[in-house]
Amino acid sequence: LNEEPHGRGLIHPTDQAELTEAELNEEFTRILTANNPHAPQNIARYSFKERSFKPIIVDQMAVHFVLESNLLHKDSDEARRLMAKEQEAGEEDRPDSVASKADKKELKVTNQFNFSERASQTLNNPLREKKKFPCRILDHSSLQWEIYDAYQEELQKQEKNKEKQKAAPSKKDEEKNKNMVQTETQSDDISKVGKAAKILERMVSQNTYDDIAQDFKYFEDASDDFRGQKGTLLPLWKFRYDKAKGLSVTALCWNKKYQDLFAVGMGSYDFLKQGQGMLIVYSLKNPAFPEYVYSTASGVLCLDIHKQRSYLVAIGFYDGSVAVYNLKEKGQEPVYKSTPKTGQHTDPVWQVRWQDDDIDNYHNFYSVSSDGRVVSWTLFKHELVFTDIITLPLHACGTSLDFHKQTDFLFLVGTEEGKIHKCSKLYSTKYLETYCAHSLSIYAVKWNHFHPEVFISCSSDWTIVVWDHLINTPMLIFDLKDPVADVAWSPYSSTVFAAVTTDGTVHVFDLSVNKYEPICQQPVVPKKKTKLTHIEFNPIYPIVIVGDDRGFVTSLKLSPNLRKKPKVRLLTSC
């Protein structure tokens with residue numbers, strides 16, 4: 001035991017037991033079985049067939065080591081070649097030669113109790129140094145539609161590359177390409193001078209209508225000093241598009257950002273003569289020709305321009321669809337349009353109103369139709385997503401809609417039966433209040449810009465009614481002796497409003513001056529030939545625009561008596 005094989009001594013543990021020779025030579029029998037001692041033996045599952053628990057037979061095989069063998073069959077070709085090489089070798093090289101037997105030493109049998117293998121005492125190799133690479137954090141959403149859009153763009157790029165590779169340019173094609181390049185350069189040259197040409201056109205137009213421009217800017221009717229509290233309307237420009245002949249003005253809306261621009265909806269109120277419509281945008285700087293013209297497949301009945309994003313125009317059509325036009329985009333097609341699959345109305349749409357962006361910053365607007373539905377439309381990706389806000393009772397057709405100026409969830413709905421419903425976005429099956437306002441169809445209902453509790457309505461029953469929404473009975477009723485087509489509050493006074501009747505007359509009221517009669521009552525179109533349809537106040541200029549059923553839009557300047565601002569009352573302490 002004290003021998004030192006290979007020049008290294010054996011190390012004995014201090015607590016090693018000392019055995020006698022007889023104990024060292026004693027044999028212990030070990031029995032190997034096919035059972036895996038680590039396999040569970042107590043697994044049982046219930047058998048529904050035998051209605052009892054049965055033990056589960058567990059796989060007992062355990063693989064500890066796998067090594068591919070390098071043995072060859074003696075009858076194989078490779079084994080025969082190896083044996084032939086060994087025979088060719090000399091006897092000195094053979095393992096059974098005399099020289100090899102002389103040099104061969106007997107192998108010492110190791111003791112299984114105190115044997116320590118050399119490899120177990122070696123040190124582990126040190127780990128390599130890890131290189132530090134720069135890190136970068138990227139945040140991006142990978143939603144399903146974004147992945148789909150990315151794949152679609154990649155497919156389009158691949159298809160374009162394939163088409164370019166397939167199309168080998170010939171001499172004729174090269175000549176065509178040269179001609180195309182020339183036409184493109186010509187169009188580019190035209191686009192470069194387009195802005196200058198537009199400015200020049202406006203200058204020529206202002207020179208042509210210089211007398212009207214002077215009246216618009218400087219003229220003040222001196223006769224108001226002799227009229228008492230009465231006032232007059234001075235006709236200014238008259239707008240008409242030649243290709244819109246035969247269509248009526250069905251909607252008017254001023255641009256809140258660019259106050260010289262206004263949009264006109266063209267269609268027809270004669271339901272037996274329905275056809276195409278138009279969206280036309282005019283500017284006071286050029287009354288001779290519109291700034292934008294869009295042709296529509298169905299007649300336009302209502303429109304509204306977004307307050308912040310003035311290039312977005314929402315439109316309601318006679319066929320029940322709604323659409324959104326982007327004035328920045330080229331082409332005649334809308335950027336969004338409803339379809340029967342996406343909640344399109346089944347009857348004409350009479351009113352659309354933009355609302356503030358929702359929680360997710362998506363643009364949205366509301367519409368009301370003769371089918372009795374008030375619908376919210378959200379501009380989501382490349383489609384309009386609809387949500388039914390409220391449904392009117394049977395035989396109640398919605399004709400007008402307006403939202404409260406301060407409480408955005410509160411809105412009014414006028415109906416064809418003459419009732420006005422005060423509704424909330426928070427309640428889809430219940431009205432907050434119902435006002436028995438008129439005996440015939442309501443044409444317009446609008447909240448006051450300054451007083452949060454007051455709204456106004458007009459109807460074909462010849463009356464205009466002023467309401468306090470906290471009181472179920474009207475505060476003031478005005479009978480104009482003709483159907484009232486539209487009414488509008490002024491943007492500069494809470495007591496001034498204007499209305500148009502079908503006999504071609506504009507009526508202007510100031511409740512702080514006279515609560516019984518209008519302070520201006522002036523016909524602006526021939527009584528028997530033309531009917532007025534809509535009226536709108538300009539946001540900052542003292543003018544109104546009036547539309548009629550012959551496609552004309554007339555601008556009128558208010559005299560000083562019609563645009564008096566209320567006095568500012570200062571609160572003083574007693």
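**Figure 1. Four strands line up in an open sheet.** The strands of this open sheet follow the order β12-β13-β14-β15, and their pairing is antiparallel. β12 (349-355) and β15 (383-391) are at the edges with a single partner strand each, so one side of each has no neighbour in the sheet. From one strand to the next, the twist averages 25°; axes here are lines fitted to C-alpha atoms, for helices over the stretch in contact, and angles run from 0 to 180 degrees between N-to-C directions. The model you are looking at is predicted, so local features need pLDDT of at least 70 and side-chain atom pairs count only at pLDDT 80 or more, while totals for chains, interfaces and linings use all residues. Residues are numbered from 1 along each chain as its sequence is written, and side-chain values use heavy atoms, with hydrogens and water left out. Strands (E, at least two residues) and helices (H or I, at least four) are DSSP runs, numbered from the N terminus.

**Figure 2. Here are β14 and β15, side by side.** Strand β14 (residues 373-380) runs antiparallel to β15, and 8 bridges join them. Two strands count as paired if DSSP finds at least two bridges between them. Look for Arg373, which stands opposite Thr391 in β15. The side chain of Arg373 also meets that of Asp388 in a salt bridge (2.8 Å, N to O). Such a bridge is a side-chain nitrogen of Lys or Arg within 4 Å of a carboxyl oxygen of Asp or Glu. Arg373 lies in strand β14 and Asp388 in strand β15, so the pair ties together parts that are 15 residues apart in sequence. Arg373 is buried, with a relative accessible area of 14%, whereas Asp388 is partly exposed at 38%. Buried means under 20% relative accessible area, exposed over 50%, and partly exposed in between (1.4 Å probe, protein chains only).

**Figure 3. β4 and β5 make a hairpin.** There are 6 residues between the two strands of this hairpin. β4 and strand β5 (residues 261-267) pair in the antiparallel sense over 6 bridges. To find your place, start at Cys253, which stands opposite Ala263 in β5. Strand β4 (residues 248-254) is mostly covered, with 7 of its 7 residues buried. Also worth finding is one aromatic cluster, formed by Phe239, Trp254, Phe262 and Tyr282.

**Figure 4. Salt bridges can link parts that are separated in sequence.** The structure holds 10 salt bridges. In one of them Glu291 meets Lys198, with the closest N and O atoms 3.8 Å apart. Glu291 lies in the loop between β6 (277-283) and β7 (292-296) and Lys198 in helix α6 (residues 194-208), so the pair ties together parts that are 93 residues apart in sequence. Glu291 is buried, with a relative accessible area of 17%, and Lys198 is partly exposed at 38%. Another salt bridge joins the side chains of Arg563 and Glu220 (2.3 Å, N to O). Arg563 lies in the segment after β30 (553-558) and Glu220 in the loop between α7 (210-218) and β3 (233-239), so this pair ties together parts that are 343 residues apart in sequence. Arg563 is partly exposed, with a relative accessible area of 22%, and Glu220 is partly exposed at 39%.

**Figure 5. Two aromatic rings meet within an annotated repeat.** UniProt places the feature "repeat: WD" at residues 435-468, in an unreviewed entry. UniProt positions are given in the numbering used here, feature names are shortened, and annotations may be inferred rather than shown by experiment. Over residues 435-468 the chain is 0% helix and 59% strand, and the end C-alpha atoms are 11 Å apart. A search of the whole structure finds 27 aromatic pairs. Among them, Tyr435 and Trp467 form a tilted pair, 5.4 Å centre to centre with 55° between the planes. Tyr435 lies in strand β19 (residues 433-436) and Trp467 in strand β22 (residues 463-468), so the pair ties together parts that are 32 residues apart in sequence. Both Tyr435 and Trp467 are buried. Rings of Phe, Tyr and Trp (its six-membered ring) pair if their centres lie within 6.5 Å; planes under 30 degrees apart count as stacked, over 60 as edge-to-face and the rest as tilted.

**Figure 6. Lysine charges sit over aromatic rings.** The charged end of Lys328 sits over the ring of Tyr311, 4.3 Å from its centre. Likewise, the charged end of Lys337 sits over the ring of Phe317, 5.6 Å from its centre. A charge sits over a ring if NZ of Lys or CZ of Arg is within 6 Å of the ring centre and within 35 degrees of the ring normal.
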